[in-house]
Amino acid sequence: MLDAVPPTLKSSPPPASDGFLVCGLGSLGQNCVANLKSFGVPVHAINDTLPDQWEVPHLRYLIDHLEIGDCRSAEVLENAGVRQCRAVLLVTQDERVNLEAALTARVLNPKVRLVMRSDKQNLNELMGQQLQNFIAFEPTQLAAPAFALGAFGEELIGYFTLDGHRFQVVKQVLEPSNVWCDRRHLHELDTPHRRILCHTPVDETSWVMADSPSSLFYTWIPETVLRAGDEVVTIESDAQLRTLHRDAPQPARRQPLRQIAQAIARLRHWPTLKQDFIHLVRSSSGQQLRRVAIICGITVLALCLVGTLLLDFNSPDDIPLFQAFLYTFITLFGGYGDVYEALEEFNHPRLLQSFGVLLTVAGAAFVGVLYALLTEKLLTLRFEFMERRPPVPEKDHVVVIWLGRVGRQVLAALQELNQPVVGISSHGLDGDVLPKVPLLTGNVSAALDKANLATAKSVVAVSEDEIQNLEMGLLAHRLNPHCRAIIRTYDQQFTDRVAQIFPFAQVLCASALSAEAFAGAAFGEHVIGLFRLYDQTVLITQYQVEPGDTLVGMLLAEVAYGYGVVPLWHQAQSQPGKIMPSDDLRLQPGDRLVVLATISGLRRIEQRELAPRTWYLHLEKAFTTDALFDGAAEIARVAGYRLGTAREFMARLPGVLPLPLYRHQALRLSRLLTRAQVKTEVVSPPP
């Protein structure tokens with residue numbers, strides 16, 4: 001039984017500060033509180049009851065003020081300090097409650113930022129147009145790409161689109177035959193369409209880690225020579241997706257003449273014909289109607305042959321054989337009355353008339369079976385026309401189990417990546433829902449065998465029950481130990497335990513993934529998407545630089561290396577955007593900047609925690625007169641010096657550039673100065 005919340009958390013009035021209010025302490029709400037507290041800001045919370053379980057250890061002691069009540073109530077919001085809050089996160093599981101609480105909070109505090117949990121896309125857009133400082137997310141939409149990329153494989157880590165440009169995050173281990181090995185330095189991989197994110201050398205014992213405010217980005221040294229076995233993570237723009245699977249060869253279609261020849265050959269071969277007949281007799285009940293139709297057809301043909309021979313042998317005159325066949329055919333299909341009188345002229349008329357009755361009865365039975373067969377075929381064609389679903393892939397495909405909201409989004413994302421997939425659902429889907437996806441319905445465990453799990457690449461279990469997801473993940477691993485198991489969970493503690501005990505599984509907590517996006521959005525940033533890299537969540541975050549912003553006047557090099565983020569897109573006001581912008585750009589009000597950042601990177605930007613610049617450049621001499629001018633221009637452009645000051649410094653060489661730089665920035669300037677015929681050395685900081 002949980003202890004009561006300390007009185008200071010429940011009864012003390014909230015302080016008048018620039019805090020944040022979280023409404024709803026479910027899994028998502030608790031993770032939002034934990035992420036917000038990492039920014040060092042006051043966090044208040046509202047929940048209808050005391051939470052039964054705290055997913056984050058000691059979280060209840062981190063909340064500055066906890067109010068028990070209905071977050072839709074103006075009194076409860078007032079007691080929670082909504083008037084003093086900078087942002088309100090409405091993350092209960094009831095979308096109606098979130099909407100009503102959002103409207104009430106806006107009435108009480110017209111300037112508060114609203115971050116709401118909702119999957120109503122149209123409503124979210126309309127609310128965003130009518131309400132300023134408002135944004136809405138659906139956790140499943142944020143987390144679904146992470147599940148899809150986890151199933152895709154270890155090479156493709158991230159995939160998103162920005163203003164019509166496609167970006168992909170790729171991890172690769174360099175083979176000895178790679179053109180980069182033993183030839184290229186790391187900095188040479190940076191191009192106008194590619195940036196390095198991470199580098200792990202094959203020999204980690206001799207790895208020198210660069211100083212960086214980020215534990216993920218810029219920990220590599222640009223002058224490092226690439227070796228075979230090194231692991232490199234890059235982000236590329238407008239690049240062709242790397243295909244990690246091979247399409248299964250399609251069977252060649254046989255020509256009609258060849259099929260006829262094979263059928264005749266089977267008829268001539270008695271053992272084969274006998275085996276086909278035995279198979280027909282022992283066929284399953286599902287083929288019952290077709291089996292009856294084939295037997296009736298054989299019977300009718302035999303009766304036609306016997307009737308033709310009987311009429312030919314008993315004719316009073318020598319009638320043509322074809323006329324005897326016509327008499328038999330007419331009698332067979334209901335024309336007994338038309339040939340009855342003609343049969344009295346034959347020898348043994350009673351025998352022929354009795355045989356005619358038999359033909360009529362057999363013909364009626366044959367016509368009934370024929371109509372039934374045609375009806376079955378028409379209905380089958382109708383359903384096939386409505387579904388048009390392809391067959392289950394043979395190998396190297398992804399099996400997605402339970403096609404709820406997340407499952408359908410995972411399938412759609414994998415289809416966009418051209419990955420073969422098959423979906424498994426306990427119930428059927430409408431024909432217009434993912435019509436190009438192979439679908440298996442019914443018992444999920446039984447459907448795994450039909451899904452060719454033994455040759456599958458990954459299994460994604462994304463039901464609403466995390467125990468079922470774990471069961472399916474373990475079952476898939478037992479049937480195919482080489483397949484990747486992606487398991488959706490809802491409790492971070494449960495996630496951590498499963499990941500420790502079953503290292504073969506990739507366990508993702510949707511709430512923990514989405515909470516970082518909600519926390520980032522609470523500070524005014526627009527989170528476009530996210531992906532996972534080395535067990536950390538990377539947020540694709542957009543900044544709109546405003547007057548008085550912390551980013552105004554900064555070089556992109558200072559933003560990147562000082563805050564530990566990766567700029568992807570820069571767009572000046574009323575100008576086209578630039579992919580992978582240069583470090584030399586200086587941000588101005590009205591600029592739009594999109595970066596890759598972890599939650600700690602967003603916190604550093606919010607709190608203006610720039611890493612210290614500790615590297616210097618020692619310039620010995622310029623070899624030519626032009627080098628003096630070119631070197632001064634490079635210093636002014638890269639280091640942010642005034643051009644006049646840079647020229648004065650170049651006229652007094654040798655000397656140490658008095659402005660400290662970041663290591664990557666200093667090494668880049670050193671390379672540019674060397675190219676401009678200036679002898680330069682990077683001076684490391686004292687120990």
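This section describes salt bridges, one helix, and several individual residues in a predicted model.

Under the distance criterion applied, 20 salt bridges were counted. One of them pairs glutamate 100 with arginine 96, with the closest N and O atoms 3.0 Å apart. Both residues belong to helix H5 (residues 95-108), where they are four residues apart, or about one turn of the helix. An α-helix has 3.6 residues a turn, so residues three or four places apart point the same way. Glutamate 100 is partly exposed, at 28% relative accessibility, whereas arginine 96 is exposed, with a relative accessible area of 59%.

A salt bridge is also formed between arginine 592 and aspartate 163, whose closest N and O atoms are 2.7 Å apart. Arginine 592 is located in strand E21, and aspartate 163 in the loop between strand E7 (156-162) and strand E8 (165-173); the pair therefore ties together parts that are 429 residues apart in sequence. Strand E21 spans residues 592-597. The relative accessibility of arginine 592 is 13%, so this residue counts as buried, the cut-off for buried being under 20%. Its partner, aspartate 163, counts as partly exposed at 43%. The side chains of arginine 592 and aspartate 163 also make a polar contact of 2.7 Å. When residues up to four places away in sequence are left out, the contacts of arginine 592 comprise Leu162, Asp163, Gln542, Tyr543, Gln544, Trp569, His570 and Gln571.

Arginine 671 and glutamate 223 form a further salt bridge, with 2.8 Å between the closest N and O atoms. This pair likewise links distant parts of the chain, since arginine 671 lies in helix H23 (residues 663-675) and glutamate 223 in the loop between E9 and E10, 448 residues apart. Both partners are partly exposed: arginine 671 has a relative accessible area of 24%, and glutamate 223 has a relative accessibility of 32%. In addition, Glu95, Asp119, Lys120, Glu138 and Arg405 are joined into one network by salt bridges that share partners.

Helix H17 (residues 492-501) has Phe494, Thr495 and Val498 as its buried residues. These residues cover an arc of only 100 degrees around the axis, and therefore lie on the same side of H17. The buried residues of H17 pack against helix H16 (466-479) and two strands, E15 (484-489) and E16 (505-509). At the start of H17, the backbone nitrogen of glutamine 493 has a side-chain oxygen of aspartate 491 within 2.9 Å.

Glutamine 419 is situated in the loop between helix H14 (405-416) and strand E12 (421-425). With a relative accessible area of 3%, glutamine 419 is buried. Its side chain is joined to that of lysine 457 by a polar contact of 2.9 Å.

Backbone geometry was also examined. Most residues other than glycine have a negative phi, and most peptide bonds are trans. Asparagine 133, which is not a glycine, has a positive phi of about 60 degrees. This asparagine occupies the loop between helix H6 (121-130) and strand E6 (134-137) and is partly exposed, at 35% relative accessibility. Tyrosine 218 also has a positive phi of about 60 degrees without being a glycine. Tyrosine 218 is in the loop between strand E9 (194-200) and strand E10 (231-237), and its relative accessible area of 8% makes tyrosine 218 buried. The peptide bond that joins leucine 653 and proline 654 is cis, with omega about 0 degrees. Proline 654 is part of the loop between helix H22 (643-650) and strand E23 (655-656).

On the surface, a nonpolar patch is formed by Phe322, Phe325 and Leu326, which together have about 280 Å² of accessible area. Leucine 326 is in helix H11 (residues 321-332) and is partly exposed, with a relative accessible area of 35%.

Definitions and conventions: Residues are numbered from 1 along each chain as its sequence is written. This is a predicted model: local features need pLDDT of at least 70, side-chain atom pairs count only at pLDDT 80 or more; totals for chains, interfaces and linings use all residues. Side-chain values use heavy atoms; hydrogens and water are left out. Buried means under 20% relative accessible area, exposed over 50%, partly exposed in between (1.4 Å probe, protein chains only). A polar contact is a pair of N or O atoms within 3.5 Å; within protein, one must be able to donate a hydrogen and the other to accept it, and residues adjacent in sequence count only if both atoms are side-chain atoms. Contact means heavy atoms within 4.5 Å. Patches are made of residues with over 30% relative accessible area and no salt bridge: like charges are joined within 9 Å, nonpolar side chains (Val, Leu, Ile, Met, Phe, Trp, Tyr) within 5 Å. Accessible areas come from the Shrake-Rupley method with a 1.4 Å probe; for residues, only the protein chains shown count as cover. A salt bridge is a side-chain nitrogen of Lys or Arg within 4 Å of a carboxyl oxygen of Asp or Glu. The arc is that of the directions from the helix axis to the C-beta atoms.
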